Amino acid sequence: MANVADFQISAAEAAELGRVAVIMGGNSAERAVSLKSGAAVLSALGRAGVDAFGIDLYGESQDLCPVTQLQAQPIDRAFLILHGRGGEDGVIQGVLEMLGIAYTGSGVEASALGMDKLRSKQLFVGAGLPTAPFAVLSSVQMLDEAERRLGYPVMVKPAHEGSSLGMSKVRDRAQFESALGEALRYDRSVIAEQWLTGAEFTVAVLDGTALPVIRLETPHEFYDYDAKYQANDTRYLFEHGLDDTQSEALAALACEAFAVIGCRGWGRIDVMQDAAGQFHLLEVNTAPGMTDHSLVPMAAQRAGISFEELVVRILRGAE
């Protein structure tokens with residue numbers, strides 16, 4: 001394992017990287033998680049010797065628009081650690097490009113596609129990559145066809161939310177109607193996905209390379225918001241039960257999905273197995289969490305990359 005104290009950038013590199021804004025917060029449903037991620041990233045960059053400061057988008061003053069906040073002081077590079085709409089979906093990426101500020105992670109198009117679970121799945125299907133059968137929903141009148149095609153159980157999820165917000169597992173029509181109503185509170189676009197009964201995995205990608213595979217186990221119905229950020233009974237397993245061939249295939253699939261969406265820099269791909277052991281892509285995360293419960297730092301540490309080195313490597317890739 002890499003030691004925290006081992007990683008420091010040189011004074012010359014610090015000067016080259018310049019003044020770095022860690023952009024966090026935002027006004028999405030994932031604001032609280034983003035603030036935790038941003039605080040962790042800001043602290044790690046400082047320990048590594050980077051001249052970094054934080055910007056709590058929308059939070060510093062309700063009177064300031066985001067563009068005004070970004071123009072309030074000099075910024076050479078931005079470390080984007082916003083989650084959800086307005087920060088992970090290409091909107092702030094477009095603003096930064098207009099302002100001429102290099103930023104971490106995927107560009108406008110890939111960020112928008114990665115945030116849209118429906119468009120991502122359509123791209124996966126078009127590229128011949130495996131993903132669970134699904135149906136698009138916007139009203140109760142569409143449930144008959146979804147039931148016929150998918151059966152039960154199914155997973156219902158808003159198309160444009162992260163952190164498992166608005167997601168429900170349903171087993172019958174009454175639950176289906178209730179879950180659709182809950183998902184529509186978050187998004188006008190909702191998808192129902194055929195339930196997969198196998199194991200769940202996540203693969204972080206850094207600079208085009210897959211980091212060690214993590215298997216997720218939770219006593220919850222699925223890997224929901226509480227399991228991700230609050231529970232202490234979620235298990236993160238590097239002894240994931242896959243043989244070398246399966247593990248290599250999963251890593252290759254994750255990298256291919258990353259490329260199909262057009263991502264760059266870093267991200268995380270979530271995958272599930274079906275009852276037969278076949279892998280199915282769930283989604284691509286273009287700005288994953290960086291909290292103490294987060295998966296990318298966990299995978300990086302397993303690969304011998306300290307949190308300080310991880311954030312600096314992400315920062316170096318800013319475009």
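The following exercises, each with a worked solution, concern a predicted model.

**Exercise 1. Determine which residues of helix α2 (residues 31-48) are buried, and where they lie around the helix.**

Solution.
Step 1. The length of α2 is checked before its faces are examined. With 18 residues at 1.5 Å a residue, α2 should span 26 Å, and its end C-alpha atoms are indeed 26 Å apart.
Step 2. The buried residues of α2 are V33, S34, S37, G38, V41, A44, L45 and A48.
Step 3. Viewed down the axis of α2, these buried residues fall within an arc of 135°, so they line one face of the helix.
Step 4. After α2 comes G49, which has a positive phi, near 100°.

**Exercise 2. Establish which residues of helix α4 (residues 91-99) are buried and what covers them.**

Solution.
Step 1. I92, Q93, V95 and L96 are buried in α4.
Step 2. The arc that they cover around the axis is only 160°, which puts them on the same side of α4.
Step 3. The cover over the buried residues of α4 includes the strands β1 (20-25), β2 (52-57), β3 (77-80) and β4 (102-103). It also includes the helices α3 (66-71) and α5 (108-115).
Step 4. G100 follows α4, and its phi is positive, near 75°.

**Exercise 3. Describe the open sheet that contains β5, and identify the strands at its edges.**

Solution.
Step 1. The sheet has four strands in the order β5-β8-β6-β7, and the pairing is antiparallel.
Step 2. The edges are β5 (134-137) and β7 (168-170); each has a single partner strand, so one side of each is left without a neighbour in the sheet.
Step 3. From one strand to the next, the twist averages 25°.
Step 4. The pairing of β5 with strand β8 (residues 190-194) is antiparallel and rests on four bridges. Within it, V136 has I191 of β8 as its bridge partner.
Step 5. Helices are then placed against the sheet. Helix α6 (residues 117-126) packs on it, touching β5, β6 (154-158) and β8, and its direction makes about 145° with that of β5. Helix α8 (residues 173-184) lies across β5, β6, β7 and β8, and runs at about 20° to β6.

**Exercise 4. Is strand β13 (residues 266-273) mostly covered or mostly open, and which strands pair with it?**

Solution.
Step 1. Strand β13 is mostly covered, as eight of its eight residues are buried.
Step 2. The two sides of the strand are separated. W266, R268, D270 and M272 point one way from β13, while G267, I269, V271 and Q273 point the other way; all are buried.
Step 3. Strand β9 (residues 200-206) runs antiparallel to β13, joined by seven bridges. One of the partnerships is that of F201 with V271 in β13.
Step 4. Strand β14 (residues 279-285) is also antiparallel to β13, with six bridges between them. Here R268 has N285 of β14 as its bridge partner.
Step 5. β13 and β14 form a hairpin with five residues between them, and G277 in the turn has a positive phi of about 90°.

**Exercise 5. How many disulfides does the structure hold, and what is the state of C263?**

Solution.
Step 1. A search of the whole structure yields zero disulfides.
Step 2. C263 is in no disulfide: the nearest cysteine sulfur, belonging to C255, is 11 Å away, whereas a disulfide requires sulfur atoms within 2.5 Å.
Step 3. C263 counts as buried, at 12% relative accessibility, because the cut-off is under 20%.
Step 4. C65 has a relative accessible area of 37% and is partly exposed.

Terms used: Residues are numbered from 1 along each chain as its sequence is written. This is a predicted model: local features need pLDDT of at least 70, side-chain atom pairs count only at pLDDT 80 or more; totals for chains, interfaces and linings use all residues. Side-chain values use heavy atoms; hydrogens and water are left out. Buried means under 20% relative accessible area, exposed over 50%, partly exposed in between (1.4 Å probe, protein chains only). Two strands pair if DSSP finds at least two bridges between them. Axes are lines fitted to C-alpha atoms, for helices over the stretch in contact, and angles run from 0 to 180 degrees between N-to-C directions. Contact means heavy atoms within 4.5 Å. The arc is that of the directions from the helix axis to the C-beta atoms. The expected span of a helix is 1.5 Å times one less than its number of residues.
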